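Colleague: Before I plan my work at the bench, I should like to go through this protein with you. May I put some questions to you about its architecture?

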Amino acid sequence: MKKIVLLGYMGCGKSTIAQKLSNITEIPFLDLDKCIENKVNLTINEIFDKHGEIYFRKLEHETFLELLQSPEEIIIGLGGGTPCYADNHELLNKEGVISIYLKASIDTLYGRLLHNKSKRPLIADKNEDEMREFIATHLFERSFYYNQAKYKVSVDEKTIDETISDILELLA
Ligand SMILES: Nc1ncnc2c1ncn2[C@@H]1O[C@H](COP(=O)(O)OP(=O)(O)O)[C@@H](O)[C@H]1O
Ligand SMILES: O=C(O)C1=C[C@@H](OP(=O)(O)O)[C@@H](O)[C@H](O)C1
Ligand SMILES: [Mg+2]
C-alpha cells in the first residue's frame with residue numbers, strides 16, 4: 001500500500017505538515033521519531049545521551065524499514081537525518097513510496113530552529129552564531145540525500161496550509 005514520506009532538514013515542517021495532511025486526507029500518520037521513542041521508551045535526547053548517535057541511526061533505519069513494510073497506507077514524517085544514513089535514501093523511490101522533500105532555505109530553517117532546538121540534540125548546544133553556520137554546512141552535506149526524493153516542495157514564505165495544498169496537488 002502507498003506510503004507518503006515527508007523528508008527534509010530539521011525544522012522544515014515534516015512533523016507538522018504530516019500531521020495536518022493526515023487530518024485532511026484521513027490517511028494515518030506516523031512520525032518516525034515518535035515511533036523510535038515509543039519503541040525504546042526514551043526521548044531522542046535520552047537515546048543520544050545514553051547510547052550515542054550510531055545506536056540512534058541503527059534504530060532509525062530498522063524502524064523506517066518496519067514502517068515501509070506495514071500493509072497500510074500511511075503518511076510517514078522522517079527525522080532530518082533519516083535519508084542520510086544506512087542507504088535509507090535508496091528506499092525513497094521504492095515501489096509504492098511517494099517521497100516529498102520539504103525544501104527550506106537556511107534563513108527559514110534558522111528562524112524556526114533558533115527557538116526550537118532543545119529536543120534536537122545535534123543543535124541543542126549551538127548558540128545563534130554557531131547555528132547558522134552549522135545549518136548551512138549540514139544542509140549542504142545532506143542535500144544529495146534529500147534530492148533523491150521523488151518530489152520537491154519549497155516551504156519558504158508559505159503557510160502550513162499553502163504547503164499542504166502543494167502536496168495535495170502532487171498526490172492528485
Ligand atoms: N509552514 C510553516 N510556517 C511557519 N512555521 C512552521 C511551518 N511549518 C512548521 N513550522 C514550525 O516550525 C517548527 C518545526 O516544525 P516541525 O514540524 O517540528 O519540523 P521537522 O519535523 O521537520 O523538524 C515548529 O515550531 C512548527 O510549528
Ligand atoms: O537531522 C537529524 O539528524 C535529526 C533530526 C531530528 O528530527 P526532526 O527533523 O524532526 O527535528 C531527529 O531525528 C534527531 O534529532 C536527528
Ligand atoms: Mg520532526
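**An annotated serine, a sheet and its helices**

Modeller: Let us start with S15, whose relative accessibility is 36%. The model is predicted.

Colleague: Does S15 count as buried, partly exposed or exposed?

Modeller: Buried would require under 20% relative accessible area, and exposed over 50%. S15 has a relative accessibility of 36%, so the class that applies is partly exposed.

Colleague: Which UniProt annotation covers S15?

Modeller: S15 is found in helix 1, which runs over residues 14–25. Leaving aside residues up to four places away in sequence, S15 touches F29 and D31. The UniProt record, an unreviewed entry, covers S15 with the annotation "binding site".

Colleague: Which strands stand at the edges of the sheet?

Modeller: The sheet is open and is formed by 5 strands with parallel pairing, in the order 2-3-1-4-5. A strand at the edge has a single partner strand, so one side of it is left without a neighbour in the sheet. The twist from one strand to the next averages 20°. The edge strands are strand 2 (29–31) and strand 5 (151–154).

Colleague: Which residue in strand 4 stands opposite I4?

Modeller: Strand 1 (residues 3–7) pairs with strand 4 (residues 97–103) in the parallel sense, over 5 bridges. Opposite I4, strand 4 places I98.

Colleague: Are helix 3 and helix 4 parallel, antiparallel, perpendicular or oblique to each other?

Modeller: The axes of helix 3 (residues 44–51) and helix 4 (residues 53–69) come within 7 Å and cross at roughly 130°. Roughly perpendicular covers 65 to 115 degrees, and roughly antiparallel begins over 145. The relation of helix 3 to helix 4 is therefore oblique.

Colleague: How many residues in the contact of helix 3 with helix 4 are nonpolar?

Modeller: From helix 3, the contact takes I44, I47, F48 and H51, which meet E53, Y55, F56 and L59 in helix 4. Of the residues in this contact, 1 is polar and 1 is charged, while the number that are nonpolar is 6.

Colleague: How many charged residues does the contact of helix 2 with helix 4 have?

Modeller: Helix 2 (residues 32–40) packs against helix 4 at about 110°, with the axes 10 Å apart, which means that helix 2 is roughly perpendicular to helix 4. Among the residues making the contact are D33 and K39 of helix 2 and E60, E62 and E66 of helix 4. By class, the contact has 9 nonpolar residues and 1 polar residue, and the charged residues number 5.

Terms used. Residues numbered from 1 in each chain as written. Chains lettered and ligands numbered in written order. Predicted model: local features only at pLDDT ≥ 70, side-chain atom pairs only at ≥ 80, totals over all residues. Heavy atoms only, no water. UniProt positions renumbered as here; feature names shortened; annotations may be inferred. Helix = DSSP H or I, 4+ residues; strand = E, 2+ residues; numbered from the N terminus. Buried < 20%, exposed > 50% of the residue type's maximum accessible area, 1.4 Å probe, protein only. Contact = heavy atoms within 4.5 Å. Axes fitted to C-alpha atoms, helices over the stretch in contact; angles between N-to-C directions. Parallel < 35°, antiparallel > 145°, perpendicular 65-115°, else oblique. Nonpolar A, V, L, I, M, F, W, Y, C, P; charged D, E, K, R; others polar. Pairing = 2+ DSSP bridges.
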